[in-house]
Amino acid sequence: MRRAEGGTAAEREETVVVRLPERFEQFYEREYHRVVSFAYALGGSWWAAEDAAQEAFLRAHRDWERVGRYQQPGAWVRRVVANLAVSAFRRRLVEARALVRLAGRAGTVQDLPLPPETVDFWRAVRALPPRQRQAVALFYLEDWPTTEIARYLGCSEATVRGHLHRGRHALARRLGEPDASEEGSG
Amino acid sequence: MNGIDRRGRHAAAALLEAGERLAPAPELGELRRRRRRRSLARGGLAAAAVVVVAALVGQAMPALRSSVTPPPDQAAPTATTRAWPGVPGLDPRVRDAIATGPACGCAGDVAGGPAGVWVLRGARGAQRGRLLRVDPRTDEVVAGTPILPRVSYVGAAGDGTAWVARLEPTVGEDEELLQVDAAGVIVKAIPVPAIENGGRVAAMLVAGGAVWIADSAGRLLRVDTISGQVRTVPTARWLRPVVGLAAAGGSVWVGFRHGLQRLDPSDGRVTLQVSDPALRQVNSAESLAAGAGALWMAGVGDEMSDRLLRLDPVSGRVVASLELRRAVWEARRRSVVAADERTVVVRRGPGLFLVAGDGSRVRGYVELPGSDGGVAVGGGAVWATDPDRQRVLRIEADRG
């Protein structure tokens, strides 16, 4: 946030450029499910994904004054989620906690009801190396262009294209689909 | 689109759809509660681990046992004591003490509004502070917002939000006015010109679609809450500095050390310069508030006492005057007046005067611990910060 420069002191006081952060509630409503899905794509447990996403949103909320003014607050939250979601120890802890929480409820504890081919696809994504995994998840789930994925991963667009190329090649091989490696990467 | 891309898009759509169906986004309040519970559980786990380790060490080395002294009682500071008889050692009208962390100890560190009581924590020093909201129904801190340092004033708005102004220059930070909602979310940030020459915020008011900020440098700003436009309102140079701001009778009132002005809330234009000689009963005004159908001005009367004036909310004329006796050791304490529809109080250091709504008498006096701090009226009680003990006290003005 900056004030317009130049002019007299009185003019500077009168002329202000106001850049306000988005309301956190709007951001939270819009992004929550996408962020949980992203965490699930990386970690493979819905409970852990919800937990990681909620933790990330709480951190964003706590620091919204700063985070809200970033160009892409959504990317910031996803980065926190990516750090949280891949910890196997944390995943097990969260699942144990969820079991305790749900022990008193009727029915059984079950994970996300997904078609088998969807489960297979995300399982195959999780088998990719971490950076490829994130690039592929953002590409399919968020539909982000390579420029944004590059900004998120902190690398060049060419590197992102390389991650996507190798990732899709590996997915095709694992899932028995025709090889996509010759058709570019988006 | 090739086969793997098609499969990827389908998998993404199925995942998003299933997620939305299975688990709606939880309320933010629920998230916070869940986190708090988890922190407590983690603390309990750590304590248990310490106990186990200590027991093991004790068993392994019995010789040590005799030399180990029991740890001092490290119970957390008093949180809430919701039931009477209130807080041990204090006046029985002090109903509760809510731990808030180090308050800034300034006159504007607490404010009462429709959403509860807002308290500034540790915001005057160099460290980051927090704006806390206390729910008067439970006396619990229900929201907290990190804020930048050097904030010394919080103002409550009628829409349930609070405004904090950080205008004292800091290196590398913008000066701004922040609006915080009841959930503790910063919903608006408006850049505001800094106070020059090391000044500080002297008074703040949210009224007439604007936030009014007076600083010790003699400047009065009107900040439009919708457009964010900042205007400097000209004030009478010979009356400065501004000691208080209040909204009454459809106008904004500016209390100066030696006078009183009425402003049009829409543009800050001076509509009345009060010239009632009775105003001079207050030699040096220190605070201004509106409530109980009147305007209230408090300040130094003479060498022996302070004065509280009850003023007509339209004409500004003095309709009642009350002497507040002062002990010698209270001489340097500043009087801060606060009021709502029913209650009028004046805080002077560790003393709290409960004043009758017609300004005719002091109907009670509550001795508070500690020294200076702010006072506010809201949620059916009086709230006074106790900076030395890092808490805010809830006082029931109508009891006893």
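How many residues of chain B are in contact with chain A, and how many residues of chain A do they meet? I looked this up before anything else, and I found 36 residues of chain B in contact with 47 residues of chain A, where contact means that the C-beta atoms, placed from the backbone, lie within 7 Å.

I noted that this is a predicted model, in which local features need pLDDT of at least 70 and side-chain atom pairs count only at pLDDT 80 or more, while totals for chains, interfaces and linings use all residues. Residues are numbered from 1 along each chain as its sequence is written, and chains are lettered from A and ligands numbered from 1 in the order in which they are written.

**The side of chain B that touches chain A**

I saw that α1 (3-22), α2 (28-60), β9 (186-191) and β13 (230-233) of chain B each supply at least two residues of this side, and that α1(B) gives the largest share, 15 residues. Helices here are DSSP runs of H or I with at least four residues, strands are runs of E with at least two, and both are numbered from the N terminus. I then sorted the residues of this side into 21 nonpolar, 6 polar and 9 charged, counting Ala, Val, Leu, Ile, Met, Phe, Trp, Tyr, Cys and Pro as nonpolar, Asp, Glu, Lys and Arg as charged, and the others, Gly among them, as polar.

**Glu177(A)**

I found Glu177(A) in the segment after α10 (157-175) of chain A. Leaving out residues up to four places away in sequence, Glu177(A) touches Ala172(A), Gly3(B), Ile4(B) and Arg7(B). I recorded Glu177(A) as partly exposed because 19 other C-beta atoms lie within 10 Å; a residue is buried at 20 or more such atoms, exposed at 12 or fewer, and partly exposed in between, with C-beta atoms placed from the backbone.

**The two chains**

I counted 10 helices and 0 strands in chain A, and buried residues make up 41% of its 186 residues. For chain B I counted 3 helices and 28 strands, with 46% of its 400 residues buried.

**A sheet in chain B**

I followed an open sheet of 4 strands in chain B, ordered β22-β23-β24-β25 with antiparallel pairing, where two strands pair if DSSP finds at least two bridges between them. Its edge strands are β22 (335-339) and β25 (362-367), each of which pairs on one side only. I also noted that 5 bridges join β24 (residues 351-355) of chain B to β25(B), and that Phe353(B) has Tyr365(B) as its bridge partner in β25(B).

Key. Two residues are in contact if their C-beta atoms, placed from the backbone, lie within 7 Å.
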